[in-house]
Amino acid sequence: QRHVGGVAFRQDGATFDAVSITNHSIDKTTVFLAIANNRNNIKNENLEEDITLLNVKYSATPDLTTTGFYYDIQTLGGVDGNDSTTIGVRADAKVSDINIEAELAQQDQSTDAKPMYYHLSAATKVSQVTAKLGLEVLGSDDGKGAFSTPLGTNHKFLGWSDTYIGGNGANGIQDLYANLVTTVAGVKLVGQFHSFSADEGSDDYGTELGFLAEKSINNYGVSLKLSQFNATDESGQVDVTKVWLT
């Protein structure tokens with residue numbers, strides 16, 4: 001979902017005109033390959049793109065999964081600078097009662113920038129509360145360009161206010177975040193905190209708080225989501241409050 005997703009949260013989710021193959025013939029290994037030539041985005045735009053997605057997941061043990069991926073996007077008759085090739089690795093591990101995620105990727109962009117992506121998080125459950133602490137970096141290549149995820153379910157990351165849904169220009173962004181998740185009387189409750197700063201120059205951009213409450217009732221679901229982004233002066237952003245009732 002971070003790199004490639006359908007953005008199901010939106011009223012008009014993203015889809016791809018594509019052919020995909022999933023193969024399980026190698027023991028403990030899942031190979032996914034997809035080729036697409038058109039993307040229908042959340043703005044109801046059809047974008048002609050040559051997209052190649054390759055993802056190879058190896059489950060070494062029940063507590064350790066490693067993944068290598070290659071995602072290539074070439075715009076057909078589009079705007080210069082949108083083309084990119086991303087190569088990365090990811091590991092999901094469980095050590096005692098702690099779930100660890102670690103990911104590293106590099107992106108080769110048509111602007112000759114080669115920014116990096118880093119993500120490290122740890123989560124554990126205490127009583128009925130799951131707590132997670134992480135650092136996600138959409139890096140900058142000395143201000144020439146920053147790591148981007150144009151195919152991702154970006155609303156899910158970098159805060160629900162969508163202030164940095166497209167990253168932060170050429171300076172990149174660092175997101176130090178914490179999540180708390182629990183269920184009370186059948187109601188799922190989520191609280192999250194984000195602290196944002198630039199990757200290039202490390203300016204402080206501000207903080208965001210998010211809250212979600214949702215419950216399933218027979219065949220229906222109801223949810224309330226709130227987010228509050230508080231900007232600093234150097235961010236060039238404004239404070240943002242968003243409320244969703246669904």
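## Salt bridges, charge and backbone in a predicted model

Arg90, Asp92, Glu101, Glu103 and Lys132 are linked in a network of salt bridges; a salt bridge here is a side-chain nitrogen of Lys or Arg within 4 Å of a carboxyl oxygen of Asp or Glu. The structure holds ten salt bridges.

This is a predicted model, in which local features need pLDDT of at least 70, side-chain atom pairs count only at pLDDT 80 or more, and totals for chains, interfaces and linings use all residues. Residues are numbered from 1 along each chain as its sequence is written, and side-chain values use heavy atoms, with hydrogens and water left out.

Three of the pairs are listed with the separation of their closest N and O atoms.

| Salt bridge | Closest N and O atoms |
|---|---|
| Glu49 and Arg39 | 2.9 Å |
| Asp108 and Lys114 | 3.7 Å |
| Lys144 and Asp141 | 3.7 Å |

Glu49 forms a salt bridge with Arg39. This pair links distant parts of the chain, with Glu49 in strand β3 and Arg39 in strand β2 (residues 29–40), ten residues apart. Helices (H or I, at least four residues) and strands (E, at least two) are DSSP runs, numbered from the N terminus. Glu49 and Arg39 are both buried, where buried means under 20% relative accessible area, exposed over 50%, and partly exposed in between (1.4 Å probe, protein chains only). Accessible areas come from the Shrake-Rupley method with a 1.4 Å probe, and for residues only the protein chains shown count as cover.

In the pair of Asp108 and Lys114, Asp108 is partly exposed because its relative accessible area is 38%. Lys114 is also partly exposed, with a value of 39%. In the pair of Lys144 and Asp141, Lys144 counts as exposed at 53% relative accessibility, whereas Asp141 is buried, with a relative accessible area of 14%.

Charge also gathers outside the salt bridges. Asp203, Asp204, Asp233 and Glu234 form a patch of negative charge on the surface. Patches are made of residues with over 30% relative accessible area and no salt bridge; like charges are joined within 9 Å, and nonpolar side chains (Val, Leu, Ile, Met, Phe, Trp, Tyr) within 5 Å. Lys and Arg count as positive and Asp and Glu as negative, while His and the chain ends are not counted. The place of a charge is taken as NZ of Lys, CZ of Arg, CG of Asp or CD of Glu. Within the patch, Asp233 lies in the loop between β12 (220–231) and β13 (240–245). Asp233 counts as exposed because its relative accessibility is 79%.

Strand β3 (residues 46–61) also contains Val56. Val56 is partly exposed, with a relative accessible area of 32%. Leaving aside neighbours within four places in sequence, Val56 is in contact (heavy atoms within 4.5 Å) with Thr29, Thr30, Val31, Thr66, Thr67 and Gly68. The C-alpha atoms of Val56 and Asn41 are separated by 25 Å, at 15 residues apart along the chain.

Positive phi values occur at two loop residues other than glycine. Phi of Ser127 is near 60°, and Ser127 sits in the loop between β7 (116–126) and β8 (129–138). Ser127 counts as exposed, at 63% relative accessibility. Phi of Asp162 is near 65°, and Asp162 belongs to the loop between β8 and β9 (173–184). Asp162 is buried because its relative accessible area is 13%.
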